[in-house]
Amino acid sequence: MMNKHFYLEKDDDGIAWLHFDMAGGSANILSMDTLDALDQALINAAQMHPKGLVLLSDKPSGFLAGADIRAFAKVEEPEQAADQIRKAHRVFSRLENFSFPSLALIHGFCLGGGTELALACTYRIAETDSTRIGLPEVRLGIFPGFGGTARGTQMMGSLGAMRMMLAGRAYRAKQARRIGLVDWVVPERQLRNAASQMLNNPPPPHQPPWWNALVEFAPLRLAVAELFRHQVAKKANPAHYPAPYRLIDHWRRTVGDFDAMLESETRNVSELICGDTAQSLIRAFLLQERMKEIGKQRPFKAGHVHVVGGGVMGGDIAAWCALRGLKVTLQDQSHEQLQRAIGRAHTLFKRRLRDRRLVMEAFDRLIPDVRAAGVAHADVIIEAIFEDTAAKQALYADLEPRMRADALLATNTSSIPLETLAEKLADPTRLVGLHFFNPVAKMMLVEIVHGEATDNDVAANAAAFARQIGKLPLPVKSSPGFLVNRMLMPYLLEAVALYEQGIPGPVIDKAATDFGMPMGPIELADTVGLDICLHVAAKLGEAFPLALPKTLKQQVDVDRLGKKSGQGFYAWKNGRPQKPAIEKGWRGKPEKLRELSDRMILRMLNEAVACLREGVVADADLLDAGAIYGTGFAPFRGGPMHYIQNRGLRNIEKRLNELEKRHGEQFHADSGWHALA
Ligand code: NAI
């Protein structure tokens, strides 16, 4: 029996197997369409009167990637969302109330709605290696609404379920077993057998630990909710990210009453989904999807990467590529630098891979290569040597004749125009920028820099390569600072100017984090390195009118470079800035802080508008993507252009004019504002 998305069969033991294989996609998702098809398939399965029902996916990517997030972006009215949620509740309840046991057979991604579907089954079996299971909804500004809070707390107990939903992270199979989310973990080859065995001799379904009832006991509940709130407050500002706080309230009011929980899920989630935060976070998610698509335009796949320059960036890029399964040769003139890079790679592999065998394998893939033997074989060559035009050009002259004709030549330069670097190449069309950000392992974005001569296919291959190693490619024009540094620098320099005017660093930082930036600009400058900030600012200053605050140079002159030297704007201890407490005059004065954040943020917005006008990036959406994933621009505000739209273009222009009158021409509104209007 079949419909468009499901296939149903019954085996000799009398067990029904319901295969999910969504038409037209590489992953299964829960849309209105697939929910209807699932409902029909469940009715058909029940009519077979099976001994038990197994739900499984025929997609190699996994069980079920979650709900249809594109549809979330189109929701306009809470009632519209509520209808969809009620429908999911009905379908999942049908499954839950079957007279025979059901089992979710999970591999790969099982997220959001996928986990909620699995929770509606009597049992869950997960594949050992590939499984990533969880309820990440808070990351989209909502919380689980397809029965996940009601069934999750029943199955795992309130503490485990709430911890999982509040963190929004995905678990591997063994962790999921530990918290009671899955019943059994088996390797791939045993999945089917394990399912048959379980349904042929069904054990009693999993129960949460006995003390769970205590946590849910009304007098204790208030205290537990307070504890949850305290933990969430360390990470999320309730004014910016309401969802986890709403989840805690929802839990406190309704836990233990299944129907009330479903009803409250419907109301809360449908309201949250229409709010600004959720819509901006959904938008950020879709922007990420768009960058992933950019990386799919060509089928380019690298097997071997050669990195030249084993310093801060090159060493970490090499380690990252090895972590992602590529063979990497790493070239540097200095043995010491290579040794240091390998040491850092070791730390990265251990932290990310955990398993000793996997760490060893990653190590085997990363080969120090002082003699540059890898050049002749590599599919991709990434240059990350000193930021020096002559040195880079001389290096290319040596590399070009030895490279394979079809190999990609990429530079990680952060400030030298590609046109200049390509001057002495026999074939300048093959040079492209792959601009990674520091720290490489954390920053998802890579700017794909297109010089005047760069061949389009070469740029598309570079984007495919970035995607291959799990990064988000953003195409940008070769112009000073490209997109991210160009937008970031005026913001940072304004922060340093404020500092110079006597405003304490912690106050400036707080103004920015109150706006929603993940880290304040003074701390960020110290983290990036004041020498690097100065260098990038000076380079940008050659192209644009950009006043350099004296303090920056003074700090660098006396070797106060920030985090790496132990002293910058802040003193650093054990990798943390020692920030003095904020003085009384600044406490409880949100309007004073807003004045500061406006000065910093509006300079960034003004630069964003200039970048758009100059075509540094193709459109406003991609600009927002670059800002969110490259500068950390408050994701819940949806990016600079989205923020401009929400706050009102005229408003911001007016504010810029005011600031210009008061503080000077650095606030002069770019001519691009008119075009936007
Ligand atoms: P770094 O000074 O830490 O490392 C440069 C390395 O290149 C050194 O290990 C040096 O021994 C090696 N090297 C120099 N000339 C060489 C040659 N001819 N052959 C082989 N090895 C050579 O520099 P960092 O910070 O890693 O920067 C590298 C590039 O990445 C620069 O173009 C920089 O603008 C860019 N970049 C830097 C970022 C940062 O935050 N540090 C961020 C993004 C890009």
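# Aromatic pairs

With a relative accessibility of 15%, Phe98 counts as buried, and Phe100 likewise counts as buried, at 10%. Here buried denotes a relative accessible area under 20%, exposed one over 50%, and partly exposed the range in between, with a 1.4 Å probe and protein chains only. The model is a predicted one, in which local features need pLDDT of at least 70 and side-chain atom pairs count only at pLDDT 80 or more, whereas totals for chains, interfaces and linings use all residues. Residues are numbered from 1 along each chain as its sequence is written, and side-chain values use heavy atoms, with hydrogens and water left out.

Rings of Phe, Tyr and Trp (its six-membered ring) are paired if their centres lie within 6.5 Å; planes under 30 degrees apart are stacked, those over 60 edge-to-face, and the rest tilted. Ten aromatic pairs are present in the structure. One of them is the stacked pair of Phe98 and Phe100, with 4.6 Å from centre to centre and 25° between the planes. An edge-to-face geometry is found for Phe349 and Phe363, whose centres are 5.6 Å apart and whose planes stand at 90°. Because Phe349 belongs to helix α15 (residues 335-353) and Phe363 to helix α16 (residues 356-365), this pair ties together parts that are 14 residues apart in sequence. Phe349 counts as buried, at 0% relative accessibility. Helices (H or I, at least four residues) and strands (E, at least two) are DSSP runs, numbered from the N terminus. Elsewhere, one aromatic cluster is formed by Phe515, Phe633 and Tyr643.

# Charges over rings

Two arginine side chains can be described in relation to aromatic rings. A charge is taken to sit over a ring if NZ of Lys or CZ of Arg is within 6 Å of the ring centre and within 35 degrees of the ring normal. Arg192 places its charged end over the ring of Trp17, at 3.9 Å from the ring's centre. Arg169 lies over the face of Tyr171, and the distance to the ring centre is 4.6 Å.

# Ligand site

The ligand has 21 residues around it, of which Asp332, Gln337, Glu387, Lys392 and Ser414 come nearest; a residue is near a molecule or strand if one of its heavy atoms lies within 4 Å of it. The shell comprises eight nonpolar, ten polar and three charged residues. In this division, Ala, Val, Leu, Ile, Met, Phe, Trp, Tyr, Cys and Pro count as nonpolar, Asp, Glu, Lys and Arg as charged, and the others, Gly among them, as polar.

Several N or O atoms of the protein approach oxygen atoms of the ligand. For Met313, a backbone N or O atom lies 2.8 Å from a ligand oxygen. For Asp332, a polar atom of the side chain is 2.6 Å from an oxygen atom of the ligand. For Ser414, an N or O atom in the side chain is 2.8 Å from a ligand oxygen. On its own the ligand has 840 Å² of accessible area, and the protein covers 85% of this. Accessible areas come from the Shrake-Rupley method with a 1.4 Å probe; for residues, only the protein chains shown count as cover.

# Backbone conformation

Asn438 and Pro439 are joined by a cis peptide bond, with omega about 0°. Pro439 is located in the loop between β16 (431-435) and β17 (445-450).

His49 and Phe482 are residues other than glycine with a positive phi, near 50° for His49 and near 50° for Phe482. His49 is placed in the loop between α1 (32-47) and β3 (52-57), and Phe482 in the loop between β18 (472-477) and α20 (484-500). Their relative accessible areas place them in opposite classes: His49 is exposed, at 67%, whereas Phe482 is buried, at 1%.

# Separations along the chain and in space

His306 is part of strand β11 (residues 304-308) and is buried, with a relative accessible area of 0%. Its C-alpha atom is separated by 40 Å from that of Gly114, 192 residues away along the chain.

Ala236 occupies the loop between α10 (218-233) and α11 (243-254) and counts as buried at 12% relative accessibility. Between the C-alpha atoms of Ala236 and Gly108, which are 128 residues apart along the chain, the separation is 29 Å. Ala27, in the loop between β2 (15-20) and α1, counts as partly exposed at 23%. Ala27 and Glu9 are 18 residues apart in sequence and, C-alpha to C-alpha, 21 Å apart in space.

Conventions
Polar contact = N/O pair within 3.5 Å; in protein donor to acceptor, adjacent residues only side chain to side chain.
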